[in-house]
Amino acid sequence: MSSQRVPIEPQHVDAPLTQCATFLVVSVTNKPDAIETVQSTLSGLEGLAKNVSIRDLGAQFACTVGIGSEIWDKLTGLPRPAELHPFREIKGAKHTAISTPGDLLFHIRSERRDICFEFERQLMDQLGDSVTVIDETVGFRYFDVRDLLGFVDGTANPVGPAVPSSVLVAEEDGHASGGSYIVVQKYTHDLPGWKDLSTEQQEKIIGRTKIDNVELDDAESGQRSHKTLSTIEDENGKEHGILRDNMPFGSPGSGEFGTYFIGYTRRLWVIEKMLENMFVGDPPGLHDRLLDFSRPLTGTTFFAPSASLLAGLGSD
């Protein structure tokens, strides 16, 4: 018998940031054939992606699928990733990171909005009444990768060889190898309130300059910036990064302005600690002042298994 392992092909969690993205969160219904339909759709996702992406090979199309804690056992029949559990509400003295439902996440990306649209249309045709849409958010790239608050977003992302070691589960959890934990939160911003602040006040909250994105030195004690609160180190002082693929969304006509946060990580505890620092504070009581202008409407955790695992769903 050969001692070689079957190759594990990760999903494209590190796909480049594109001009457009759709974040689709659905729950699986209780219909008798729902699980079978979802399994069949997910196992054939690569074919569906090829069917759509071939229309413009330069559009950098990618779709990453995340599976939620509540549906994992029934849908996969496989051992659970070690850290997979529902999003845990984090309640601070002033702000709360709420937990909302969701069995499946489809993170759809492309340089073209019509490519995202067409893939989602065909995907929903296949899923049919086996799922119910919980949230659908269409994001867009804003100038030089800025959020609607005017600051560059994603500067701290790992690059090059650091990406897999920050994002993909490895030998520490063999059954989940090649996968990635995902946390999503949909934030809306109080843009009028934010604009009432001076640029200097905004920069102090974020921890970077607004125009040229230069990192600022943080206060040695007391209130810390968003940049510092979202930088996580373990007990040995080693910093652990995550991959953010955030996107602005909104509608000026309806007064909606927001950021869809999506973080990919090898270690779920890293994002959970980051959110604890933001909402509870570090030290406790000194929350991230960005939250005074940004309110989370959702909060859900998923696990993106390897592409190899997805392709085998439903097979005996």
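Guide: Asp144 lies in the loop between β6 and α5; helices (H or I, at least four residues) and strands (E, at least two) are DSSP runs, numbered from the N terminus. The model is a predicted one, in which local features need pLDDT of at least 70 and side-chain atom pairs count only at pLDDT 80 or more, while totals for chains, interfaces and linings use all residues. Residues are numbered from 1 along each chain as its sequence is written, and side-chain values use heavy atoms, with hydrogens and water left out.

Visitor: Why is Asp144 called partly exposed?

Guide: Buried means under 20% relative accessible area, exposed over 50%, and partly exposed in between (1.4 Å probe, protein chains only). Asp144 has 41%, so it is partly exposed. Its C-alpha atom is 15 Å from that of Phe249, 105 residues away along the chain.

Visitor: Phe143 is in the loop between β6 (131-140) and α5 (162-167) as well. What makes Phe143 count as exposed?

Guide: Its relative accessibility is 65%, which is over the 50% limit, so Phe143 counts as exposed. Phe143 also has a positive phi, near 50°, in a residue other than glycine.

Visitor: How do you know on which side of zero the phi of Gln60 falls?

Guide: The value is near 55°, hence positive, and Gln60 is not a glycine. Gln60 sits in the loop between α2 and β2. At 38% relative accessibility it falls between the two limits, so it counts as partly exposed.

Visitor: How do you know whether the peptide bond from Asp282 to Pro283 is cis or trans?

Guide: Omega is near 5°, and the bond is cis. Pro283 belongs to the loop between α9 and β13 (294-296).

Visitor: What makes a set of residues a nonpolar core?

Guide: The set must consist of buried Ala, Val, Leu, Ile, Met, Phe, Trp, Tyr and Cys residues joined through side-chain atoms within 4.5 Å. The largest such core here has 53 residues, and Leu42, Leu104, Phe106, Phe119 and Leu275 have the most contacts inside it. Helix α9 (residues 268-279) contributes the largest share of this core, 7 residues. Apart from it lies another core of 18 residues, including Val167, Ile182, Met247 and Ile262.

Visitor: What does Phe119 touch?

Guide: Leaving out residues up to four places away in sequence, Phe119 touches Leu45, Leu48, Ala49, Val52, Phe61, Cys63 and Ile108. Contact means heavy atoms within 4.5 Å.

Visitor: Why is the pair of Phe23 and Tyr260 called stacked?

Guide: Rings of Phe, Tyr and Trp (its six-membered ring) pair if their centres lie within 6.5 Å; planes under 30 degrees apart count as stacked, over 60 as edge-to-face and the rest as tilted. By this rule there are 8 aromatic pairs. In the pair of Phe23 and Tyr260 the centres are 4.1 Å apart and the planes differ by 10°, so the pair is stacked. The pair links distant parts of the chain, with Phe23 in strand β1 (residues 20-28) and Tyr260 in strand β12, 237 residues apart. Phe23 is buried at 0% relative accessible area, and Tyr260 is buried at 1%.

Visitor: Why is the pair of Phe61 and Phe119 called tilted?

Guide: The ring centres are 4.9 Å apart and the planes stand at 50°, which is neither under 30 nor over 60, so the pair is tilted. Phe61 is in the loop between α2 and β2 and Phe119 in helix α4 (residues 113-127), 58 residues apart. Phe61 and Phe119 are buried. Elsewhere, ring pairs join Trp72, Tyr181 and Phe303 into a cluster.

Visitor: What makes a space a pocket?

Guide: On a 1 Å grid over the protein atoms alone, a pocket is an open set of points where a 1.4 Å probe fits, with protein on both sides within 12 Å along at least five of seven lines; lining residues have an atom within 4 Å of a point. The largest pocket holds about 770 Å³. It is lined by 36 residues, of which Asp153, Gly154, His226, Ser230 and Arg244 are the closest to its centre. Helix α9 gives the most to this lining, 4 residues.

Visitor: What lines the second largest pocket?

Guide: There are 22 lining residues, and His12, Leu45, Glu46, Ala49 and Cys63 lie nearest the centre. The largest share, 5 residues, comes from α2. The volume is about 520 Å³.

Methods
Points joined across faces, edges and corners; volume = space filled by probe spheres on them.
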